[in-house]
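Please load the model in your viewer and keep the sequence panel open beside it. The tour proceeds by successive selections.

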Amino acid sequence: MAGGSDLLDRRERVVLAEDLAGVAEGTSGEVMLHTGMRWLRYWVRFDSGAERGSIHRDKLVREAEWEDFLIKRAEAEAAAEAAAAAGELVGESSSNGADEESEAGGDDAGGDVVVNGATLPAHLLARSASARERLGG
């Protein structure tokens, strides 16, 4: 998570923590305003001249906290890679059991598709395809 749960004030200096359309990660800017009550979003005027609205707090870091954010993100990525590598080693020894479960009619996640961060289960995709065939589409 880039920013914390704390609110950003108007005219506060921030840095963009991930790419947006037309604005690169690491671009500095100034908060113009925040909107919403329970679902807060920020409008930011970036130093590049771009203005963007509806930016979630997770994508904004205060300028004073930018260096610490980069260090923490690099550490988190290294830890995730180490965990993935350890999981691959464990997964090799237990992969035969997973194959047997799949053949026995277990839950098969092989056909699942991820769209915009949401996983669509294979059985729902198959149901939708059969409905399209039934309706002639």
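The stops below lead from the whole chain to a sheet, and then to individual residues.

**Whole chain**

Begin with the entire chain in cartoon representation, bearing in mind that this is a predicted model. Two helices and seven strands are present. Followed along the sequence, these elements give the pattern β-β-β-β-β-α-β-β-α. Next, switch to a surface representation. The chain, which has 137 residues, is 20% buried by residue count. The exposed area is about 9,800 Å², of which 52% comes from carbon and sulfur atoms. If a contact map is available, consider the contacts with a separation of 6 or more: 39% of them join residues 24 or more positions apart.

**The five-stranded sheet**

Select strands β1 to β5 and hide the remainder. In what order do the five strands lie in the sheet? The order is β4-β3-β2-β1-β5, in an open sheet with antiparallel pairing. At the edges are β4, residues 51–55, and β5, each of which pairs on one side only. Viewed across the sheet, neighbouring strands are turned by 40° against each other on average, with direction ignored. As general background, the strands of a sheet pair through backbone hydrogen bonds, in either a parallel or an antiparallel manner.

**The β2–β3 pair**

Now restrict the selection to residues 28–35, strand β2, and residues 41–46, strand β3. These two strands run antiparallel and are joined by six bridges. For a single position within this pairing, display Glu30, which stands opposite Arg45 in β3.

**Edge strand β5**

Move to residues 60–62, which form strand β5, and start with Leu60. Is Leu60 buried or exposed? Because its relative accessibility is 0%, Leu60 counts as buried. Add Gly29 to the selection and draw a C-alpha to C-alpha distance: the two residues are 9.6 Å apart in space, although 31 residues separate them in sequence.

Finally, select Arg62, which also belongs to β5. Its relative accessible area is 15%, and Arg62 is therefore buried, the cut-off being under 20%. Which residues does Arg62 touch, leaving aside those up to four places away in sequence? Display Asp6, Leu7 and Leu8, then Glu12, Arg13 and Val14, and lastly Arg57: Arg62 touches each of these.

To close, restore the five strands and locate β5 once more as an edge strand of the sheet, with both Leu60 and Arg62 lying in it.

Conventions
Residues numbered from 1 in each chain as written. Predicted model: local features only at pLDDT ≥ 70, side-chain atom pairs only at ≥ 80, totals over all residues. Heavy atoms only, no water. Helix = DSSP H or I, 4+ residues; strand = E, 2+ residues; numbered from the N terminus. Buried < 20%, exposed > 50% of the residue type's maximum accessible area, 1.4 Å probe, protein only. Contact = heavy atoms within 4.5 Å. Areas by Shrake-Rupley, 256 points an atom, 1.4 Å probe, with all protein chains shown as cover. Pairing = 2+ DSSP bridges. Axes fitted to C-alpha atoms, helices over the stretch in contact; angles between N-to-C directions.
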